[in-house]
Protein chains: 2
Amino acid sequence: MSAPVPACESTLAPLPESLLVGVSGGVDSVALLHALVRAGRRPVVLHFDHGWRTDSRDDALRVRELARQLGLRFIGGKMKPAAGAPRETAARAARYAFFARTARKLGIPDLALAHHADDQVETFLMQLLRGGGAAARGMEAVTRRDGLILHRPWLGVWKKEITAYARRRRFAWRDDATNADTRHRRNLVRRRLLPYLQKLAGKQVAQSLWRAAEIQRAESEWLDALCADEAWRPELAVKTLRAAPLARQRRTILRWLQQGGVEDISFADVEAVRGLLENRIPAKVNLSAGRFARRRAGKIFIM
Amino acid sequence: MSAPVPACESTLAPLPESLLVGVSGGVDSVALLHALVRAGRRPVVLHFDHGWRTDSRDDALRVRELARQLGLRFIGGKMKPAAGAPRETAARAARYAFFARTARKLGIPDLALAHHADDQVETFLMQLLRGGGAAARGMEAVTRRDGLILHRPWLGVWKKEITAYARRRRFAWRDDATNADTRHRRNLVRRRLLPYLQKLAGKQVAQSLWRAAEIQRAESEWLDALCADEAWRPELAVKTLRAAPLARQRRTILRWLQQGGVEDISFADVEAVRGLLENRIPAKVNLSAGRFARRRAGKIFIM
């Protein structure tokens, strides 16, 4: 576990001065908080209580107490109780809504998160297995979303390095909390698929997958930059698009459908719209929620 | 198993008129041979006997007999007996050397192979698990290699479609032969990993992985085309390369090392050479087999 792994502290240098940090109370986020403080930062500590467990309030209290000890501002949020168990996607949406709300209130858009190399491998595997209109590429080191700027300085640091760092520095954390918001799918990948892959093909499989995600991510970023100048227009010109490389056709169509407000876009949808570039009949493709794309007079429209 | 799956016959139309076809005697290649003949082609039938099994000579005789029945020319090759069991890479090399030799002799460079969508998924998974300097992208529909032009018209057709097609048309094949040259690693992926993934995440996992490979493949092809104008030079200019997108830096370095005759290039090698773009000390990176890269006066050299 050597080459792509920078130290827990050195990777924090590029982060902006004013900063929020998301702290669940598990080893990753507790270590990130301490590392930031050791690097001379004074982040605002955000904690979101999903109500996963009956004792989840303990986590909130511990994180609040940790922030107090470090002399940092603490802001907590809480999931509204819903009928039945909270679902992963709803919990995630509520957490990010809390982060975005708080960022706006404080006027600090930058939020540091403790996602690490093992999380990256899991995310990449989940994207691969799910498939979709776009390439699997893992998480980005910096993402903009609802007015937040999410920073993930530890995507190249492995969990075991974080744990070793936290032990060496004698930080106190709560073991369970780390996995509190990981539900069904991610847990399957973490607890069953990855160990299975390592048994089958060797321990270095995690690094191979990490490298694969990193290569795809950077290549996707480059291609995104190449397409960034395309302003959205209500129609696509068949002749221009037909002359573009296959992958560019796909990207242009995917972006065009997304920006045109089409939902649940699958690879098959993209390929079907791409099929409209040929002069085939029928010149119409059904999309989700009653939307459709149609070719007429050398142009493709969404309805 | 619907969207990306064209019929066994319609995908053969773009193949060139003069053609070789590799036939092991298993369902895939026997079906491909018949499909070509049904499409009006008269391919030369090539069979390579790896000597995997004691009865592998039976396969050669069956394929020869099939070619005779179809009125096609047959050319067989045979692995030279080696000490111990033949290894997969050696067998593969010997098979392609036979194909290339025959292509030269006949003056027909085009060779059709029966690799299908399931093979593509396996190859993609193996590339992902192995990691490497370049992105996992599966096999190409057309590859040039040692004077051969390999065509894989069935990368979008699933094995079960081929089997159904072969049954419907009442072709005769020998079941074992299909997997004769797949050894340890590919068999692990086929017989254990893929069924496991499907149990874990659903039957559609194979399609998701196929789509992922197809998206990566097309994106890689686009990026290759963007870099195709770079002629090899004995040195890289630091300033120019530093200004390029990260993924382009990686591709340029990988190609440069490959074309400079460096072997066994890992992702870590590429990243280390990329590290020379920063003005760090030492300005030297060790590569395989005693080769190294060095930065001097704003340029990077391989020695």
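The following paragraphs describe the confidence, the chain arrangement and one loop residue of a predicted model.

In this predicted model, local features require a pLDDT of at least 70 and side-chain atom pairs count only at pLDDT 80 or more, whereas totals for chains, interfaces and linings use all residues. Residues are numbered from 1 along each chain as its sequence is written, and chains are lettered from A in the order in which they are written.

The complex receives an ipTM of 0.84 and a pTM of 0.86 from the predictor. The average pLDDT (the predictor's confidence in each residue, from 0 to 100) of chain A is 88, and 91% of the residues score at least 70. Over residues 1–6 of chain A, pLDDT stays under 50; for this segment the model has 14 contacts (heavy atoms within 4.5 Å) beyond four places in sequence. Where pLDDT is low, predicted coordinates should not be read in detail.

Superposition of chain B on chain A, by least squares on the C-alpha atoms of residues with pLDDT of at least 70 in both, gives an RMSD of 0.1 Å after a turn of 180 degrees and a shift of 0.0 Å along the axis. This is the relation of a two-fold axis. Of the interface residues of chain B, 100% are also interface residues in chain A, so the copies meet through the same surface.

Although Ala289(A) is not a glycine, its phi is positive, at about 50 degrees. Ala289(A) is exposed, with a relative accessible area of 75% (exposed means over 50%, buried under 20%, partly exposed in between; 1.4 Å probe, protein chains only). In chain B, Ala289(B) has a positive phi of about 55 degrees and is likewise exposed, at 75% relative accessibility.

Key. Heavy atoms only, no water.
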